[in-house]
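Subject: Structure handover

Hi there,

Here is the structure I promised to pass on to you. Have a look at it first, and then read on for my notes.

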Amino acid sequence: MGKLQSKFRKRSQLYRASQRGAADNSTDSQVLQYELAHQGSINTVTNLSPDLCVSGGSDQAVVVYDWKQGRMCQSFQGHTREVTKVQCYAGSTWIFSASRDKSVLMWDLDQGDEPIQEFCGHELVVNGLAVSPEGRKLCSGSRDNWMCLWDIESGQCEQRLNISRNLVTHVCWVPGSSSLVQSSEDKTIRVWDSRSWQVTNTFPAKQYIQTHCDVCPNGNYLVSSSNGFGGQGCEATLWDLRQPGCKVVEYRGHIQTTACCVFLPTGPSGISRVATSSHDGSLKIWDQNTAACMGTLTLDGAGPLVSLAPSDPSSLLCASFNTGIHFIQVDEVSGQGSGPGGSALDIKVVARF
C-alpha cells in the first residue's frame, strides 16, 4: 500500500483542496484512468474489503472492482432496472443489491455469477439496505412506505411495517445493536428496534427531504443529509443517538442537494471527521465536532456526487453520475488551516474508473 500510494502521490495533482476549504480549479490532468466499472451513471458504492469495492448504477450491473490495482473482478447481471443501493457484510464475500425493479438480490463473490438469494415483496423502488451485525437478517426499505426484515438464509420476510408517507431513502444498522436508523422523503429520521419491528424514536422533521444517513462506529452519533437548492437546505446534521432528537451541529456549505454523508476513519491528528458529497459536484470534509470545513474538492463535469465509501483515513471512493468512481486521497497537512492543531487537508483525485 505504501509503495502504491507513493506512486500515486507523484502522479496525481488534479483537484487539490485549499487549506480553508475553497475549491482549487486546477486543470492538471495527471489522473490515472482505469478500466470503467460501469456504462452510465453510478448510484452507489461501498467497500467489500480493503482492496475491493462494489458499485451499482444505471447499467443494471453490480460490479466488484479492485480499486488499488485498477481492474474489474466481477460484473453481476440480474436486475432488470437500475441498481439503487449495494451493501456488503463485513468480513464475508456477501453482496446485496437493491433496484428500481423492486427486488433485492444476494450475491457471493466466491459462488459464481448468479444470485444466491432473492428478496421480493416491495411494490416500488428499494432504496435502503442494511445487514444485521451478526449477518443473519437483512433490512430493506422502499418508496412504497414499507420497511421489511428478512431472514437471509431462507429469504423469507419475517417482519414488515407500513408507515404513511415514509418513503425510505436510506437504512443503516447501529453497530453492535438491535437498532436501525432510516432516512425518509417525509423529512424525518426514524430509529427502529429490530426485535419488535417498531419505531422507537422519530427525530424532529427537517425542512427538506432527508437523503442519506450514517452511524459512527461506536454507535453514539448519527449524521443525516438534506435535499435542497440554492444553498437552502443542502446541509448535513449531526445527531446524538444517546439523546434522541438532539441536534449537535450542522454542516453547511453545499449549494445543491447533499446526497451522501459518512463518518471517516480517524487520521493521525485524531480529529473526528465527516464527509459529504453533493449534486453541486463537490465533496467536503468537516471537523465532526466544530463543523469547520477542513477541505473541499470540486469535480468539474462529474455531475451529482451521490455516494461515498471510505476505506481508511487517507482513501475515499466517490461515485458520480457523469465520470464514474473517483479514488480520492486525503492527506493531513500540519501547521496549516484553522482547525485544532492547525490541521488542514490536501484532497486530490488519484484515479477514475
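**Aromatic pairs and a cluster**

Tyr251 and Trp286 are both buried. Please keep in mind throughout that this is a predicted model. The number of aromatic pairs comes to twelve. One of them is formed by Tyr251 and Trp286, a tilted pair with 5.7 Å from centre to centre and 45 degrees between the planes. This pair connects distant parts of the chain, since Tyr251 belongs to strand S23 (residues 246–251) and Trp286 to strand S26 (residues 282–287), 35 residues apart.

Ring pairs also join Tyr89, Trp94, Phe96, Phe119 and Trp150 into a cluster. Another ring to look at is that of Trp146: the charged end of Arg160 sits over this ring, 3.8 Å from its centre.

**The sheet S6-S7-S8-S9**

Phe96, a member of the ring cluster, has Met106 in S8 as its bridge partner. Strand S7 (residues 94–99) and strand S8 (residues 104–108) run antiparallel and are joined by five bridges. These strands are part of an open sheet of four, in the order S6-S7-S8-S9, with antiparallel pairing. Which strands stand at the edges of this sheet? They are S6 (83–88) and S9 (117–119); each has a single partner strand, so one side of each is without a neighbour in the sheet. Ignoring direction, neighbouring strands here are turned against each other by 20 degrees on average.

**The sheet S14-S15-S16-S17**

Four strands make up another open sheet, in the order S14-S15-S16-S17, and the pairing is again antiparallel. Strand S14 (168–173) and strand S17 (198–202) are at its edges, and because each has a single partner strand, one side of each is left without a neighbour in the sheet. From one strand to the next, the twist averages 30 degrees. S14 is joined to strand S15 (residues 179–184) by five bridges, and the two run antiparallel. If you want a place to start on this pairing, try Cys172, which stands opposite Val181 in S15.

As a general reminder, strands of a sheet pair through backbone hydrogen bonds, either parallel or antiparallel.

**Arg190**

Strand S16 (residues 189–193) holds a residue I would like you to see, Arg190. Is Arg190 buried or exposed? Its relative accessible area is 8%, and because buried means under 20%, Arg190 counts as buried. What does its side chain make polar contacts with? One polar contact, of 2.6 Å, is with the side chain of Asp186, and another, of 2.8 Å, is with the side chain of Asn166.

Leaving aside residues up to four places away in sequence, the residues that Arg190 touches include Ile163, Leu180, Gln182, Ser184 and Val199. Val181, which stands opposite Cys172, is also among them, as are Asn201 and Thr202.

**Asp300**

Last, a loop residue. Asp300 is found between strand S27 (293–298) and strand S28 (305–312), in the loop. With a relative accessibility of 49%, Asp300 is classed as partly exposed, because the exposed class begins over 50%. Asp300 is 18 residues from Ser282 in sequence, while their C-alpha atoms are 8.4 Å apart in space.

Do write back with any thoughts once you have had time to look through it.

Best wishes

Technical notes: Residues numbered from 1 in each chain as written. Predicted model: local features only at pLDDT ≥ 70, side-chain atom pairs only at ≥ 80, totals over all residues. Heavy atoms only, no water. Buried < 20%, exposed > 50% of the residue type's maximum accessible area, 1.4 Å probe, protein only. Polar contact = N/O pair within 3.5 Å; in protein donor to acceptor, adjacent residues only side chain to side chain. Contact = heavy atoms within 4.5 Å. Phe/Tyr/Trp six-rings, centres within 6.5 Å; stacked < 30°, edge-to-face > 60°. Lys NZ or Arg CZ within 6 Å of the ring centre and 35° of its normal. Pairing = 2+ DSSP bridges. Axes fitted to C-alpha atoms, helices over the stretch in contact; angles between N-to-C directions.
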